[in-house]
Each structure stands twice: as structure tokens, then as C-alpha cells.
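Visitor: Hi! Could you walk me through this protein and take my questions as they come up?

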Amino acid sequence: MTIIRSLLLFALAALAEIGGAWLVWQGVREQRGLAWIGVGVIALGLYGFVATLQPDANFGRILAAYGGIFVAGSLAWGMVVDGFRPDRWDIIGAAVCLAGVAVIMYAPRG
């Protein structure tokens, strides 16, 4: 159950951070205005809060592992929202990052 909770929190954090960054991008680069930027900043703050809910108490471990989730999630966001088509190197890189997440977060310790 702890691993499932952790993965769900990582997914929620990715949605908040990637979505927030995308909203800021839209507000600035696509000139959609301050409202988009403001909502993006709020979402980015929510990401920071969600990360604190992880069951592991080690900040460095959580953020290091989240980096892999961010990489894969960013590619997925681009595919779903912007029509981005990753090439094989994008996919291989994301898979390597997700393998790193598994090792960092879920390897047996003790």
C-alpha cells in the first residue's frame, strides 16, 4: 500500500508541477495573460506541498526520485496536451529515469 500511495503522490505532484509550468508557459510565451500565469504559480505551489506528503522522510531522496517522474511526465504531457511525438531516444531516456525512480525509492534497505 505504501508504494501505491507513493506513486499516486508522485503522479499528483507531476500533474501540479508540469501543469503549473505549462500554464505559466502559456501565459508568457503564448501571451494568454496574467490569469494563466497566476493559476500556474498556484499549481506550482501545490506541487511543493504534495511532495511533503510522501511516506519517506528524506527530502533528497524524494526530490531525486521525483526528477524521473518529472521527465517521463513531461513527455506524456507534451503528447497529450501539445501533440508532441517523442522519438525513441526520448522514450529510452524516460524509461531509464523511471528505472532510477524504482531503485531510489523502492529498493530494499536495511
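**Chatting through the model**

Guide: Sure, let's start with one residue: Ala 64 counts as partly exposed because its relative accessibility is 43%. On this scale, buried means under 20% relative accessible area, exposed over 50%, and partly exposed in between, using a 1.4 Å probe on protein chains only.

Visitor: What sort of model is this, and which residues and atoms count?

Guide: It's a predicted model, so local features need pLDDT of at least 70 and side-chain atom pairs need 80 or more, while totals for chains, interfaces and linings use all residues. Residues are numbered from 1 along each chain as its sequence is written, and side-chain values use heavy atoms, leaving out hydrogens and water.

Visitor: OK, back to Ala 64. Where does it sit?

Guide: Ala 64 is in helix α3. Helices are DSSP runs of H or I with at least four residues, strands are E runs of at least two, and the numbering starts at the N terminus.

Visitor: And how far is Ala 64 from Ile 3?

Guide: Their C-alpha atoms are separated by 16 Å, and the two residues are 61 apart along the chain.

Visitor: Let's zoom out. How many helices and strands are there?

Guide: The protein chain has 4 helices and 0 strands. Follow the sequence and the pattern reads α-α-α-α.

Visitor: What does the C-alpha trace span?

Guide: About 50 × 35 × 20 Å along its principal axes. As for what's tucked away, buried residues make up 29% of the chain's 110 residues.

Visitor: How do people describe two packed helices?

Guide: By the angle between the axes and the distance between the axes. Here, axes are lines fitted to C-alpha atoms, for helices over the stretch in contact, and angles between N-to-C directions run from 0 to 180 degrees.

Visitor: Then how do α1 and α2 pack?

Guide: Their axes are 7 Å apart, with an angle of about 160 degrees. That angle is why α1 counts as roughly antiparallel to α2. The labels go like this: under 35 degrees is roughly parallel, over 145 roughly antiparallel, 65 to 115 roughly perpendicular, and the rest oblique.

Visitor: Which kinds of residues make that contact between α1 and α2?

Guide: Mostly nonpolar ones: the contact has 18 nonpolar, 4 polar and 1 charged residues. Asp, Glu, Lys and Arg count as charged; Ala, Val, Leu, Ile, Met, Phe, Trp, Tyr, Cys and Pro as nonpolar; and the others, including Gly, as polar.

Visitor: What about α3 and α4?

Guide: Helix α4 covers residues 88–106, and its axis comes within 8 Å of the α3 axis, crossing at roughly 155 degrees. So α3 and α4 are roughly antiparallel to each other.

Visitor: And α1 with α3?

Guide: Those axes come within 9 Å and cross at roughly 60 degrees, which makes α1 oblique to α3.

Visitor: New topic! Gln 26 and Gln 31: which is buried and which is exposed?

Guide: Gln 26 counts as buried because its relative accessibility is 6%, while Gln 31 counts as exposed because its value is 71%. Gln 26 lies in helix α1, whereas Gln 31 is in the loop between α1 and α2.

Visitor: What's phi like at Gln 31?

Guide: Phi of Gln 31 is near 55 degrees, a positive value in a residue other than glycine.

Visitor: And how far is Gln 26 from Trp 36?

Guide: 6.9 Å between their C-alpha atoms, with 10 residues separating them along the chain.

Visitor: What about the largest pocket: how big is it?

Guide: Its volume is about 160 Å³. On a 1 Å grid over the protein atoms alone, a pocket is an open set of points with protein on both sides within 12 Å along at least five of seven lines, a cavity is a set where a 1.4 Å probe fits but cannot get out, and lining residues have an atom within 4 Å of a point. Points are joined across faces, edges and corners, and a volume is the space filled by probe spheres set on them.

Visitor: Which residues line the largest pocket?

Guide: Ile 18, Ala 21, Trp 22, Trp 25, Phe 70, Ser 74, Trp 77, Gly 78 and Asp 82. The elements giving two or more residues to that lining are α1 (2–29) and α3 (59–82), and α3 gives the most, with 5. By class, the pocket lining has 6 nonpolar, 2 polar and 1 charged residues.

Visitor: How many cavities of 30 Å³ or more are there?

Guide: There's 1, and the largest cavity holds about 30 Å³ of space. Its lining includes Leu 9, Phe 10, Tyr 47, Ala 51, Ile 62 and Tyr 66. Each of α1, α2 (34–51) and α3 supplies at least two lining residues there, and the cavity lining has 8 nonpolar, 1 polar and no charged residues.
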